[in-house]
Every structure is written in structure tokens, then in C-alpha cells.
Amino acid sequence: MALQPQRPVCCRGTVSANSHLGIRSVLGLFSRSSLRFQEVTRISATPRMLGSSGYSKRQPRRGLIPMTKASNPRGFAPRPQAGTSIRKKDQNKVDEKEVSGSSSSSKHTLSSSGLTDRRVAGEAQTAEVDSSSRRIPSTVGKRRLDVLGETEQKSVAGDEIDQQNFAHRPSDDTCDAETDGQIAEIGNGGDGIGLRSQRVAVDHGDKEIGREAMTEQFSESGKEMVSVKDQIGRNTIAESMAIAGEKETKVAVSESNLDIIGVDEPPEAQDGIVYTTTDIQEALVKLKADMDARAHKQLVENLADQNFSRGNKVFVVPQIVNPDQVIKVFLNRSSSALANETDVLIKGAYNGWRWKFFTEKLQKADIKGDWWSCQIYVPKEAYRVDYVFFNGANTYENNNSEDFFLPVEGGMDEVAFEDFLLEEEHKKLKKLAAEQAEKERQAEEQRRKEAEKVASEADRAQAKAEVEKKKHGFNHVMKLASNSGHHVCHIEPSLFKGGDRVRLYYNRSCRPLSHAAEIWIHGGCNNWDEGLSIIEKLSQSEKRDGDWWFADVAVPGRALVLDWVLADGPPGKAVVYDNNNLQDFHAMVPESIPEELFWVEEENQIYRKFQEDRRSKEEAIHKTTEKTVRMKAETKERTMKLFLLSQKHIVYTEPIDVRAGRMVTVFYNPYHTVLNGKPEVWFQCSFNRWNHRNGPLPPQKMVPAENGSHLKATVKVPLDAYMMDFVFSERENGGIYDNRNGMDYHIPVIGGVAKEPPMHIVHIAVEMAPIAKVGGLGDVVTSLSRAVQDLGHTVDVVLPKYDCMNLSNVKDLHQRNSFAWGETDISVWFGRVEGLPVYFLEPKNGMFSVGCIYGRSDDGHRFGFFCHAALEFLLQSGFRPDILHCHDWSSAPVAWLFKEHYIYYGLSNARVIFTIHNLEFGVHNIGRAMTYADKATTVSQTYSREVAGNPTISPHLHKFHGIVNGIDPHIWDPYNDQFIPVPYTPENVVEGKKAAKEALQQRLGLKTSDHPLVGIITRLTVQKGIHLIKHAVWRTLERNGQVVLLGSAPDPRIQNDFANLASQLHSSHGDRVRFCLTYDESLSHLIYAGADFILVPSIFEPCGLTQLIAMRYGSIPVVRRTGGLYDTVFDVDNDKERAQAQGLEPNGFSFDGADSAGVDYALDRHSNICLVRRTGMVLLAVQARDGARLVVESTGFGLYGALPFGTE
């Protein structure tokens, strides 16, 4: 007799060793790392007990389906519904156990999706057993169907309980009495031991999956255990099991790590029906799905009733919408504007109608009432869903014109979505750029092929023409060959072909070589087509009928005719020739290739030669172009870095290049600013000229940097930034500001998805290089305009049309239109100068047809008329510029004429910038322009300080700025300069400058020498230090150097003085000095390249371009320390720290005084440097070349951007 052990209900203990419970790790559908445990499994086992001496000792048959002692199997008990208790007994099986299940009420909430995507594929988590050969008796199948039917009936009665369970979810801390599992009734002589398990909650990814109902059994001997995992995924109905007398043990295990140990094969199938674990699981999964579907339908119907009763025409399931989720939208058609419409559609988008539009058709919902529905996928980028309903045409239900919307929780917010859009835009731009680059590459390849085809055809045509030309000359040679007499020359054997060796005989009797000691043959073939190819010395022959000499020669392979002359020596040493009376000697090759074939081959050979030559030239041009582009990019990058580091002693960033989407740290040293000594410094920053969509960043208190002298603040640069703008203040909310004298600090941002909106800038000037240049003003107008145009802005220049203008440098010049103003007609001409659009104004009153730019008594009246006409032209032509930039006294009237008149006529959007290039002239006009201009500049920082005390300037210091001038590195470029003999870069500067120096010496008739050559290129005025120039010339000659001066004087007295000095020096030192007292553009380029030093001893110099061009060409500047010369030249001995503070290196020589001693100090040092340069040390020249600066590095980023466009 089998005894049933009993235990108290609350007794807990460990699993007895006699229970033989085996657990081993196994990896099934889910990997070990993908599971997170939220609960533990409670495994309760009844220990093995021997009830009598008749206890069977045999090893029982183990099977996945437990069997009783009777011949017929019992099968599985169905899963009980929550809140019910089942007790089944088979009266014929008295030894069978009784199993009862009970559970406390447990409430769960319907998952947010409510759809079948929450199902778990149970078969992947079943016990690892081989089910292919296991069979289940037919009675098991019958019992299974009975049980399922019974469960189906009870599930209907439990709908109300399920509905409540969907509405509430229990906490994770369930009591011991609450279980969620099922037990299979096990019978094996009454000696089996029941084992149960509570629900295991597994977090896989982001979904909680309920694992339930592990049914296990020990055999009658209690030594082995069968585990069958029923993974239904149901977590809405609480179940419980209780077994009297069992001993409960709590063991934390992973459900995926449980395996079956020692499982016997099932009994043979009965009645031909075979069941597997998978069959049972599939049936239970289907049952679960059906129950979920009914529960979900009931939930939807409840929501529909609630919303209808409240007057809501729309609701969604689930009610809380999350990103990356499918939702179902319901519309009560009868309550909407679409009540009488057959078709109902939904049209929508996300995030305020900004992201991914969609349209779906609604279907009649399977619930009571006139509800229509469809499914919508909510993407992970959504923070709200916007939608309306319509009939597919023009009838809409749009929530009284306010549209419907759903908030999306747990995903992006609006700011994050904006950043996401920027990322997408960035990707789009990169893709478009790549596509555009590929299109351009393909287009370029197509152009190359077409060009190659055209060039190849031209090569072929040229080869044919060359062949025809050769044929003509060849026919003449053939005639001479056929008429040649054998008494002077003949060849043996008479029949030969190309490649043969023949003996050529020459009878020198009565010939020019009759007395020569030696006789040589100089020969070739085919009318000397391949040059000199036969050279042999003749020997005397034994022939008696004359003075015969001979030589054995090889016949060229393609020879049709042999050509030769005789001489008294080899090539280069011969004096006397016998050339057959200037007709040379010729002999036909009897067995040569056919003449037609020869000319075909000749044409192909010439054609190939033309192609090789052309392609070689094209390759050289291509390499030059590529190198120019690369050097241009490098120069631009270097210039940008120089600009960014130019204020390093005050402010700089790390990294130097500020990039969109990256972090950047700003370092600030208040010592040299108005914030010096302040206890706190606050960093206030924004982007895009203070107009960024997110507004200014919150003020940030700066903290000490590691270097001790600077403070720092770190910000993230948004992806749509193109400019970083910032100022510094003493307090969070204001106080004293360091705003760079009203211009703020601006640093360009690289790699942003947004680009700076282009401005329209109009320069109104009276000079422009190279067509109307007198001084540096003309150079600046051109170089500044080109630099700003390269930034993407629109630039126009308005200029008088002088009759003395050099129009050869104007492309596509044509008359555009005319207008009347000032009692005269004014013709408007248009053309391009150095790539810039230029409008030329030509008044019919002849005001600018006077043969000069300056120098007349009515210059003020003429230029005032021009300024007024220029504004009238802009107005009548419909121009709406953002910037009007006028220069010096000559176009200063633009400032007040605009502010007094034209600002009211339609040019109101413009702002006026006025630049002083030289305060020495037109002070009255300059002062008036300073009053009216929005911003005023001069051409260097030092010069701005030098003139700050002038009464014309001092009242306007708040809007007066010094910005260093620059040159255009593409106009002044030694690598692409047509006026120098050898293009050069820093890599070959020694060779390039040496060739230029020799060419300069040769052109001017100077002695070719490696002694230092000093160049002087200047206007000869008192400002330029003409007394210092004279002294420097004599001092250089004393030290055995050479001097070249190029320039002229507007003052005739100064011009005559230098003409007399030139005559004196040319007579006394003609091979070492040359004065060229005129304007010569090409000679100036050669002097810059060929000189070792360029002297600029100005008494005052607002900026100066000469020293910048000199450094560009590798010539070392020698300057006086004043104005822009001080700002751009750093003395090799005295300015190392000052140069390093601006990220530069020393690059020249400078002196302070305005007397001869200062010049001597600089020249003596530069002579010593020359001793080093002669040994190949050209470090200074290479460094100096990097001293060229662009106007864009300050003006393009600082001045124009600081103006409040469009506002007063």
C-alpha cells in the first residue's frame, strides 16, 4: 500500500536529496545573456517514501505523458480558470492521486498593443526531448478533447473575471498563496510525487513574457523527474495548485536553463493516434489566442460605449500611445461629418504634420455601433500623431478645423525631433553632395571623352597634312636619287633592303674632299626624316678607276631613300663638306616596303607622336591645375587658422576648427580687455549671427583653464550652425561687456547643414586693379571683392568709365542701358574684371574723358557727381543691396547722399560701410562720411590707433575699426605667374627665385651675380620715404649689392630729381643699379620674384601691400615700423614673441627711425642673412611666403556680419 506523506501548509524546506531533481544549463530560443529575471520559480517536491515491503523495486517506464497502473492512460487535467477548483476522480483507479487547484484572485492589465504580437512561441522553450518516436495512447487523445471542451465551457463563464483581470495588474510582490501554473495529474501506483512551479517573468528585449505551467513528475521510485514546460505566454489569469503533504522549497532558476534528465520513451501508440508535446502546446496556444481575442474585443466594445456616451467620435487602442507601435484608430462615422459617406479614409502625419505622411482606408469595425477603424504604425521618431478623416475627395472630418492629434509618450520630444531632422538633413546633404560629385565626375568624363575625340580627329587631320607635306618633299628627293650618277657615289650590292649592310663608295677625285686626310659619311634616310642616323669613317678602296673610298653602313629598316653627305670629320668636328652642290646625295632602296604602305605607317606614326605630345601637355596642365586647387585650399585653410589664432592672447577655441554637431571649448583671457580684474566672467553665446532658432544659450560662468591665464567654457555646436557668436560679461545678466568694440566675436562653423544667407554688397569706388589703378585702393577693391565673393556673397562694383582705362582686362564689355540724371544722359556699360561684375558709368558730359583718374582741379566735383549717379543707377535698376561700401574721400559722398536722400526712395535695406585708405587726402569728405556711415574702417589696427586722435575720427571711435588689408593670392601667385620664367612653390623656391633673378638681371642689363638684390616698388612721394630710398640705394651699392627701382612720382619735381639720380647711377654703377621711372605691371612681378629683399621705408603707411606681395613671392621685406607695416612684418630679432602671440613666425627686418641710421641697421642685418642664404638656407623666404593675408580673414567674418541688417 502506498502512503501519502502529509506536511503542514506553511512548512518550507529544501528539496530532499532523495528527490533526485536534476537541473542543467541549456540554451534554447533565448540566449543566456538576453534574459533578465524578475521573479523566482518555486519548486515544491514531496520526498520519496517507501510505504510497504511490497513497494515495487523495478525501474519504471518513464514517459512524457504520465500513466497509471491501469492499461489505459489518464492524460492531462485541463488548466483551471481563476477562481475555480477542480477535483477529478476515476472510480476504477483507486490508487490515483487527487489533484486540486485553487488560486486567489489575480488581476492583470491588457498589454498596450492588445494584439497577438505578444504571443510567445512556446515550442522553442519546451524540454529537450526527442519527440519523434513518442506516442500517446488513443485514450489520452479522447481525454484531452474532453478536457479542452470542459475548459472552453468554463472560459465563457470566466469572461467577466478576465475582463477585470485585464483592467488591473498585480504588483511584483505576490504572496506565496498566489501561483500561476498548472499541474498534470500523475498516477503511478499512487507513489508519484507532484512537482509544481510558479510563474517565471522573463524580460526579453523590451517585452515582459509570462512563462507558466511547468508540469513535472517523479517516478514511483522517486529517483527521476520529467519536466514538461508549457509556455503559453498567458499572464492574465492567476492559477494555483496545492498538493497535500508536499514539502515546498524555493529555488531561483532560469526557465531557459531547466532541462530534462532521464526521460523514458512514451508507451506505444494505441488506436493509431500519435500525439506529441508540440501538438498539445499548439492547442493550448490557440486556446490562449482565442481567449485573448475575446477579451480584447470586449475591451474595445467597452471603450466604444464609454466614448460614445461621452460624445467622443474618436478613440484609439491602446489609449496610451508609444513610439514604434501599431495602434488602432476608431471613428464613429454617424457622429462625424462623414455620416453619409461610403468611403472613410484617414490622412495624417507626425509631429505637427512635419514627418512621414500617411493615408489609410478605414473598415467597419466588428463591434456594435457605426464604428470604423484602421491600424496605424507610430514611428519611433514621433512625439505626436496628427490626422483628419475624409471621404477620399473633399469632405473632411477635421475636428472643427483644429485637426485630431494624439500625444506619443516615452519617445522623442520636440527638441530631440528637431535635432533628428537636422541629422536627416545632414545625411541628405551628404548624399546629394555625393550624387552631385558623381554626376560631375560622369559629366567631366563625358566631356573628356568628347574632347579626346575632337582632339584625336584634329591630330589625325594634322598627321595627314604633315604626310602630304612630306610627300611633296619626298618626291623631289626621289627624282634626285634617280638622277644620281655612279661616277661619284654608288652602292654595292645594287639590290638591298632595309636592315641590310651595304658598301657605299665615294670617288673624291675632283671633289671638295680630294685633299682631306679623313673622309666621313653623315647620313640618314627618307629626306632626313629621322635625323642623322648613319655616321661612319671611310677607308680607301683598291679600285683603280679613281680615288675611291668606302664604308660599310647599315640601311635603316623603314628607308625608302638613303640621304648622305661627306665631310672631313665626324659631326661637330667637320669643316669641309661635299653635299652635292647643296642637294645632298640620295639613293633609292630597291627592295623597300611598298610606298603606299610606308605612307600609311608614316601617317600613323605622326598621329601617335601628335597624340603623345598633346596628352603630355594636357597632363602637365592637369597636374598644374590640381596643384593650384590644392594650394588654394591649403592657403585658405592656413589663412583661416591664422585668423582664428590672430587673437589667441585674448580668445581662441579648441579645436581650432569649430564643427557643427561637436563640442567646442572657448578660452578667454580678460587681462587685455575691459573685463580685466572682474571677479566673474560670463560667457554668452548663440549661433548664426544671433539668429539661431533656439535663441541664445543660457549664460555660462567661465571657469579657470589649466594654463592659468585663461578662463574657459564649453558648448555644443548645433548641426544647423554656420557661425558661432559670443560676447563676455561681468555678470550673468549684463554689466560691462567685452563685445569686441561692438562687433562681437564671430567664428565660422564648418560642416553645418545650414549655410549663411548670402548678402548683396556693392562697392562704389573710383579705382580698381588692374584696369584703373593708381595706388593700393585699386588693389583692395579687387581683392576684397573677390574674397567676399568666394564666401558665397553677391558682389558688384560701380566704377567711372575713364577714357584712359585699360579695357583689355575687361571681359565681355558691352553697353547695358542708359538713364538720365543731372541734366545729362549716362550710359551704363557692363563687363567682368577678375571674375567680378562691374558696372561702368559714362556720362555724356565728358566728365571722365579727361585722360587721367586724378590730378584735375575739379576732382571733387567729378567724383561727387559720380557718387550721386551711382546711387541713382542702383535705384533705377531695382538693386536692393545689403551693403554699400565706399572708399576714401573720392566716394565718401555716397554715405551722406544715401542717408539724406536715397534711404527714403527704396534703398532702405542697405547699410553703409566707409573705409579710410589714407587720411592724408580729402579730410573734409572723410569727416562727413564718418558721421553718416554705419561702420567705418581703416586698413590696419596700428594705423587706426595712430589716427584715433584726429578730430575727424575721434568722435566716432565707437564705430571705427582697424582691419588689416590683404592681397589676392590667386592674382599674386608665383606658381601661376605668366611674367616669371619658372613657376615655383615653397618646394622649389630656390630654383624659381634664382631663375627669376637671372631673368631680371638680363632684362635690365645688370651683371649676373649672386650678390643681394634689393627691389623697390613704390610711388615716389614724401610719404614713401624718398630720402630713405636714396640712402638705401647708396648703402646697398657700397656693400656690393644690386638695386632695382620701379615707380613714378605724381610731383614733377620729384620725378625729375629721380631721373637725374638715375642718370648718375647708371653711369657710375651701370651693371648694378637700374631705375625704371614708370608703371610696368610685368616688370613688377619679375622684381618681386627676382629680388632678395624688398625695401618699404615709408614715413607713415596705413597698411601697404608691397610687403605682403614680397612675402608671397619669397622676398624678405625690410620696412619701417609704422602702420600696417608693423602689423604684418615681424622682425627676426625683435618680434618673436609678438609673432607667436598671433600664431606666426618672424618674417622680415624692421627699423624705427626715419633717418639713415635706422636704414643702415636693417640693411646691415639683411646682408648677414644673405651669407646664410647663399649656403642654401632659405627658411626666411619660405616662412615669409606664408605671410600673405586675405581681407576675408577679418572683414568677411567680422565687419559685414556685425551690422543689424534690415533694422535701424
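**Figure 1. Val658 and its surroundings in strand E28.** Val658 sits in strand E28, which covers residues 658-659, in what is a predicted model. With a relative accessibility of 2%, Val658 counts as buried, because the cut-off for that label is under 20%. Leaving out residues up to four places away in sequence, Val658 touches Thr653, Val664, Val717, Met724, Ile747, Pro748, Val749 and Ile750. One of these partners is worth picking out: Val749 is 91 residues from Val658 in sequence, yet the two C-alpha atoms are 5.1 Å apart in space.

**Figure 2. The whole protein, for orientation.** Before we zoom in again, here is the wider setting. The protein holds 21 helices and 51 strands. Of its 1208 residues, 51% are buried. Among contacts with a separation of 6 or more, 71% join residues that are 24 or more positions apart.

**Figure 3. Ile764 in the largest nonpolar core.** The largest nonpolar core has 65 residues, and Ile764 and Leu841 are those with the most contacts inside it. Helix H7, residues 859-876, gives the most to this core, with nine residues. If you centre the view on Ile764, you will find that it touches Val798, Phe866, Ala870, Leu871, Leu874, Leu884, His885, Cys886, His887, Ser891 and Val894, with residues up to four places away in sequence not counted. Another core lies apart from this one; it has 39 residues, among them Ala996, Ile1017, Leu1083 and Met1111.

**Figure 4. Tyr1088 in helix H15.** Helix H15 runs over residues 1081-1090 and includes Tyr1088. Tyr1088 is buried, at 4% relative accessibility. Its contacts, setting aside neighbours within four places in sequence, are Trp972, Lys993, Ile1017, Ile1094, Thr1106, Ile1109, Ala1110, Tyr1113 and Ser1115. Ile1017, in that list, is also a member of the 39-residue core. Trp972 and Tyr1088 are 116 residues apart in sequence, and their C-alpha atoms are 9.8 Å apart.

**Figure 5. Helix H14 and its two sides.** Helix H14 takes in residues 1052-1068, 17 residues in total. From first C-alpha to last it reaches 25 Å, close to the 24 Å expected at 1.5 Å a residue. Its buried residues are Ile1054, Phe1058, Leu1061, Ala1062 and Leu1065. Looking down the axis of H14, these buried residues fall within an arc of 110°, so they line one face of the helix. They pack against helix H13 (1026-1038), strand E47 (1042-1046) and strand E48 (1073-1076). On the other side of H14, you will see Pro1052, Arg1053, Asn1060 and Ser1067, which are exposed. A detail at the start of the helix: a side-chain oxygen of Asp1051 comes to within 3.0 Å of the backbone nitrogen of Arg1053.

**Figure 6. Asp1160 in helix H19.** Asp1160 belongs to helix H19, residues 1156-1173. Although its side chain is that of an aspartate, Asp1160 counts as buried, at 17% relative accessibility. Apart from neighbours within four places in sequence, Asp1160 is in contact with His1031 and Arg1035.

**Figure 7. Helix H3 and Lys297.** Helix H3, which spans residues 277-309, contains Lys297. The 33 residues of H3 should span 48 Å at 1.5 Å a residue, and its end C-alpha atoms are 48 Å apart, which agrees. Lys297 is partly exposed, with a relative accessible area of 36%. Asp366 is 69 residues from Lys297 in sequence, with 8.4 Å between their C-alpha atoms. Just after H3, look for Gly311, which takes a positive phi of about 85°.

**Figure 8. Two buried cysteines.** Cys374 has 8% relative accessibility and counts as buried. Cys1076 is likewise buried, with a relative accessible area of 16%. Both values are under 20%, so both residues meet the cut-off for buried. How many disulfides does the model have? The count comes to zero disulfides, where a pair of cysteine sulfur atoms would have to lie within 2.5 Å to be included.

Definitions and conventions: Residues numbered from 1 in each chain as written. Predicted model: local features only at pLDDT ≥ 70, side-chain atom pairs only at ≥ 80, totals over all residues. Heavy atoms only, no water. Helix = DSSP H or I, 4+ residues; strand = E, 2+ residues; numbered from the N terminus. Expected span 1.5 Å × (residues − 1). Buried < 20%, exposed > 50% of the residue type's maximum accessible area, 1.4 Å probe, protein only. Arc of directions from axis to C-beta. Contact = heavy atoms within 4.5 Å. Polar contact = N/O pair within 3.5 Å; in protein donor to acceptor, adjacent residues only side chain to side chain. Core = buried A, V, L, I, M, F, W, Y, C linked by side-chain atoms within 4.5 Å.
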